[in-house]
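Student: I've got a structure to look at and I'd like to learn how to read it properly. Can you walk me through it?

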Amino acid sequence: MHEFSIATQVLDAAREAAADHGAATFEGITVSVGEASHVNPDQLETCLEAAADSTITDGDLTIDIETEPAYAECACGWSGEPGEIDRALAYAPNLTCPECDARLELQAGNECRLMSVTLPETDDGSDPDAADSPDANTTD
């Protein structure tokens, strides 16, 4: 279950993003999980809840997980969503081009990344913007 390790990395990146905006904590995160990333979104959410429960928010963290479709290109010119991505959680799929049978190069959908962090209101009542951190945590 490598999702717990990824969850702790995501939470560390969220902590850093919050600190960059002068906040000691955060209330929510949005994480993008690629269909070809070998990360199970449900397990990642469970691990984020467990890891955040004891260290961040006492269980009040809002977690949004978005799934990013896989997108591949081939040297022959074909591009699009690979057809056999459903087994990506179990093993690295052998993605081949439907036009020429060559191995496809994934261009998207093979990453897991922290997309945004929601910060609490400040003491003066202002509403800080969410801290965007598109490349804070990436894994293939």
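Student: Where do we start, and which helices and strands are there?

Tutor: One caveat before anything else: this is a predicted model. As for the overall layout, the protein has 2 helices and 7 strands. Following the chain along its sequence gives the pattern α-β-α-β-β-β-β-β-β.

Student: How much of the protein is buried?

Tutor: Here the general idea is a cut-off: a residue counts as buried when its relative accessible area is under 20%. By that yardstick, 39% of the 140 residues are buried. The accessible surface comes to about 7,900 Å², and carbon and sulfur atoms own 41% of that.

Student: What do the contacts say about residues far apart in sequence?

Tutor: Take the contacts between residues at least 6 apart in sequence: 68% of them link residues at least 24 apart.

Student: Let's zoom in on helix 1. What span should helix 1 have, and what do its end C-alpha atoms give?

Tutor: The trick is to set an expected span beside the one in the model. With 18 residues at 1.5 Å a residue, helix 1 should span 26 Å, and its end C-alpha atoms sit 25 Å apart, so the two agree.

Student: Which residues of helix 1 are buried?

Tutor: The buried set is E3, I6, A7, V10, L11, A13, A14, A17 and A18. These residues cover an arc of only 160° around the axis, so they lie on the same side of helix 1.

Student: And which exposed residues does the face turned away from that buried side carry?

Tutor: On that face you'll find E16 and D20, both exposed. Just past the helix, have a look at G22: it follows helix 1 and has a positive phi, near 80°.

Student: How many salt bridges are there?

Tutor: The general idea is a distance rule: a side-chain nitrogen of Lys or Arg within 4 Å of a carboxyl oxygen of Asp or Glu. That rule gives a count of 2 salt bridges. One of them joins the side chains of D12 and R15, at 2.6 Å from N to O. The other pairs R113 with E111, with an N to O distance of 2.0 Å.

Student: How far apart are D12 and R15 in helix 1?

Tutor: They're 3 residues apart in helix 1 (residues 3–20), so about one helical turn separates D12 from R15.

Student: What relative accessible area do D12 and R15 have?

Tutor: D12 has 38%, which makes it partly exposed. R15 is partly exposed as well, with a relative accessible area of 33%.

How values were computed:
Residues are numbered from 1 along each chain as its sequence is written. This is a predicted model: local features need pLDDT of at least 70, side-chain atom pairs count only at pLDDT 80 or more; totals for chains, interfaces and linings use all residues. Side-chain values use heavy atoms; hydrogens and water are left out. Helices (H or I, at least four residues) and strands (E, at least two) are DSSP runs, numbered from the N terminus. Buried means under 20% relative accessible area, exposed over 50%, partly exposed in between (1.4 Å probe, protein chains only). Contact means heavy atoms within 4.5 Å. Accessible areas come from the Shrake-Rupley method with a 1.4 Å probe; for residues, only the protein chains shown count as cover. The expected span of a helix is 1.5 Å times one less than its number of residues. The arc is that of the directions from the helix axis to the C-beta atoms.
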